[in-house]
Amino acid sequence: MSITKLLKSLENLSEVGYVGEPVSQLEHGLQAAGLAIKAGAGEHMVLAALLHDVGHWCNPEALQMEGLGARDHDRLGAEYLVAIGLQPEISALVGAHVDAKRYLAVTTLGYVAKLSPASRKTLDYQGGPMSDEALSAFKASPGFRDALRLRAWDEAAKEPQADRPNLEYYRAMLARHCREPISEAQLDHWDRFGWLHIKGWYSEDEMVSITSATDDLQARPEVAGKWMKYFEGADGDARTLCRIENFLQYEPVYAELLQGNANLNLLSLLINERAALFKEKINFKLPGGQGFSAHQDAPAFTAFGQRFHVTMMLSIDQGTTDNGCLEIATTSRLDDLLDMNEDLTLSDNAVAGFRWVHAETAPGDLVLFDSYVPHRSAANFSAVSRRALYATYNKATDGDFRARYFTEKRRVFPPDVERRAGARYDAGVFNVGNPVSLEKNR
Ligand SMILES: [Fe+2]
Ligand SMILES: [Fe+2]
């Protein structure tokens with residue numbers, strides 16, 4: 001089933017009362033999802049909150065509980081979400097939301113008395129408070145804590161009026177959380193060329209919070225030992241921010257973006273096995289910022305013996321030919337290194353052998369490319385910045401190298417604030433093709 005069809009079904013619930021509560025079924029789901037967003041929950045939990053009660057309508061044959069909805073709506077809902085192709089983390093949570101109620105009915109004093117009359121009535125149909133045995137099994141299940149959080153949003157989502165995003169807000173998020181989030185044609189393009197442009201992976205509304213997290217990161221002071229700020233320009237007068245690395249742990253928005261279910265699933269699909277985050281950076285390319293020489297990433301990413309990487313570029317600002325968007329060599333997929341200069345950039349000969357295409361992107365677009373795809377970018381000749389996030393992943397079976405990578409990079413090629421005045425840093429593989437200066441900038 002397509003996401004459009006699912007959204008249509010949900011939209012129809014705006015006229016359907018939520019079994020004995022003062023809200024429609026649609027409003028109930030929207031409020032639960034809105035509360036999940038306010039709580040900073042991961043996207044799979046937000047979607048589980050939105051969809052937790054689909055079991056009440058997804059199966060017209062379901063047995064009813066005397067006007068209080070479908071029997072076993074937790075199980076029916078979970079099965080339905082699997083059937084329409086959403087990721088298992090979402091259906092698992094939906095399948096556990098009644099168990100959470102039965103658990104709380106035993107463990108929390110006064111819980112049953114505080115339930116709404118309708119919810120108290122359905123508790124009987126749902127098997128009543130949990131037995132001791134069921135209780136220990138539920139407590140030991142991996143989704144236990146998340147199921148309790150979802151339950152709390154469920155119970156609070158019954159206000160006659162509430163401030164929450166509307167249904168359309170979830171369209172792009174739902175598409176991202178499908179088990180197969182890209183088409184056959186897109187996968188085919190990936191297999192043939194080793195790169196792929198996905199439009200609108202994040203919606204305009206979603207980009208508001210990602211952009212503001214980026215603004216925030218950009219404005220942060222330089223602090224030794226934390227996020228790593230690098231500059232271009234050799235003297236103090238021309239100090240232009242080039243990139244920030246190692247920021248996952250400092251801005252919560254990025255934790256979901258870099259390691260949440262949706263993007264890990266996408267990357268795993270392209271890598272052909274479980275993906276693990278290797279490193280993350282934002283290239284700022286502010287007005288006047290310099291370009292990046294043509295190169296393949298592979299020779300720069302070998303420090304820990306890994307063999308293969310995929311990089312996900314998220315366009316934060318618009319990327320245009322004028323402001324130095326990513327350029328990719330048109331060639332069938334490569335699996336080897338091309339002719340290189342000593343600094344690991346491509347030789348003039350290699351560069352001249354390709355036609356280069358400009359990957360112009362809108363905010364929210366992704367461009368994914370493997371570590372053998374030749375790429376480059378021009379300087380920013382426009383008056384607007386061209387900020388782009390680059391997250392690189394390796395095969396999880398090769399190992400988890402992110403912490404070691406940043407420790408090593410900090411030692412060999414430290415951010416500006418950690419540099420000694422007058423010293424020149426031989427960046428080696430840590431600075432292939434990019435315009436970061438090799439000396440302290442101030
Ligand atoms: Fe429910
Ligand atoms: Fe509910």
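# Exercises on a predicted model

Strand β11 (residues 388-395) has six buried residues out of eight, so the rest of the structure largely encloses this strand. The model is predicted. The exercises below start from this strand and then move to other parts of the chain.

## Exercise 1: the partners of β11

Find which strands pair with β11, and in which sense.

Solution.

Step 1. Strand β4 pairs with β11 in the antiparallel sense, over eight bridges. One residue pair shows how the two strands are matched: Asn 283 has Ala 388 of β11 as its bridge partner.

Step 2. Strand β6 (residues 309-315) also pairs with β11 in the antiparallel sense, here over seven bridges. His 309 stands opposite Asn 394 in β11.

Step 3. In general, strands of a sheet pair through backbone hydrogen bonds, and the pairing is either parallel or antiparallel. For β11, the pairings with β4 and β6 are antiparallel.

## Exercise 2: an open sheet

Give the order of the strands in the four-stranded open sheet, and state which strands stand at the edges and why one side of each is left without a neighbour.

Solution.

Step 1. The order is β5-β10-β7-β8, with antiparallel pairing.

Step 2. The edge strands are β5 (292-295) and β8 (355-358); each has a single partner strand, so one side of each has no neighbour in the sheet.

Step 3. Neighbouring strands of this sheet are turned against each other by 30 degrees on average, direction ignored.

Step 4. Now take one pair from the sheet. Strands β7 (residues 326-330) and β10 (residues 375-377) run antiparallel and are joined by three bridges. Glu 327 has Arg 376 in β10 as its bridge partner.

## Exercise 3: the faces of helix α17

Decide which residues of α17 (residues 402-412) are buried, and where they lie around the helix axis.

Solution.

Step 1. The buried residues are Arg 402, Tyr 405 and Lys 409.

Step 2. Viewed down the axis of α17, these buried residues fall within an arc of 60 degrees, so they line one face of the helix.

Step 3. The other side of α17 carries the exposed residues Ala 403, Arg 404, Thr 407 and Arg 411.

Step 4. Strand β4 (275-283) is included in what covers the buried residues of α17. This is the strand that pairs with β11 in Exercise 1.

## Exercise 4: two packed helices

Describe how α4 (residues 73-83) and α5 (residues 88-95) lie against each other.

Solution.

Step 1. Two packed helices are described by the angle between their axes and the distance between the axes.

Step 2. The axes of α4 and α5 come within 7 Å and cross at roughly 170 degrees.

Step 3. Angles over 145 degrees count as roughly antiparallel, so α4 is roughly antiparallel to α5.

Step 4. The contact involves residues of both helices, among them Leu 81 and Val 82 of α4 and Ile 90 and Val 94 of α5. By class, the contact has six nonpolar, three polar and two charged residues.

## Exercise 5: one loop residue

Is Ala 224 buried or exposed, and what does it contact beyond its neighbours within four places in sequence?

Solution.

Step 1. Ala 224 is in the loop between α13 (204-219) and β2 (228-232).

Step 2. There are 11 other C-beta atoms within 10 Å of Ala 224. A residue with 12 or fewer counts as exposed, so Ala 224 is exposed.

Step 3. Leaving aside neighbours within four places in sequence, Ala 224 is in contact with Val 417 and Glu 418.

Note on methods
Residues are numbered from 1 along each chain as its sequence is written. Chains are lettered from A and ligands numbered from 1 in the order in which they are written. This is a predicted model: local features need pLDDT of at least 70, side-chain atom pairs count only at pLDDT 80 or more; totals for chains, interfaces and linings use all residues. Two strands pair if DSSP finds at least two bridges between them. Axes are lines fitted to C-alpha atoms, for helices over the stretch in contact, and angles run from 0 to 180 degrees between N-to-C directions. A residue is buried if 20 or more other C-beta atoms lie within 10 Å of its own, exposed if 12 or fewer, and partly exposed in between; C-beta atoms are placed from the backbone. The arc is that of the directions from the helix axis to the C-beta atoms. Two residues are in contact if their C-beta atoms, placed from the backbone, lie within 7 Å. Angles under 35 degrees count as roughly parallel, over 145 as roughly antiparallel, 65 to 115 as roughly perpendicular and the rest as oblique. Ala, Val, Leu, Ile, Met, Phe, Trp, Tyr, Cys and Pro count as nonpolar, Asp, Glu, Lys and Arg as charged, and the others, Gly among them, as polar.
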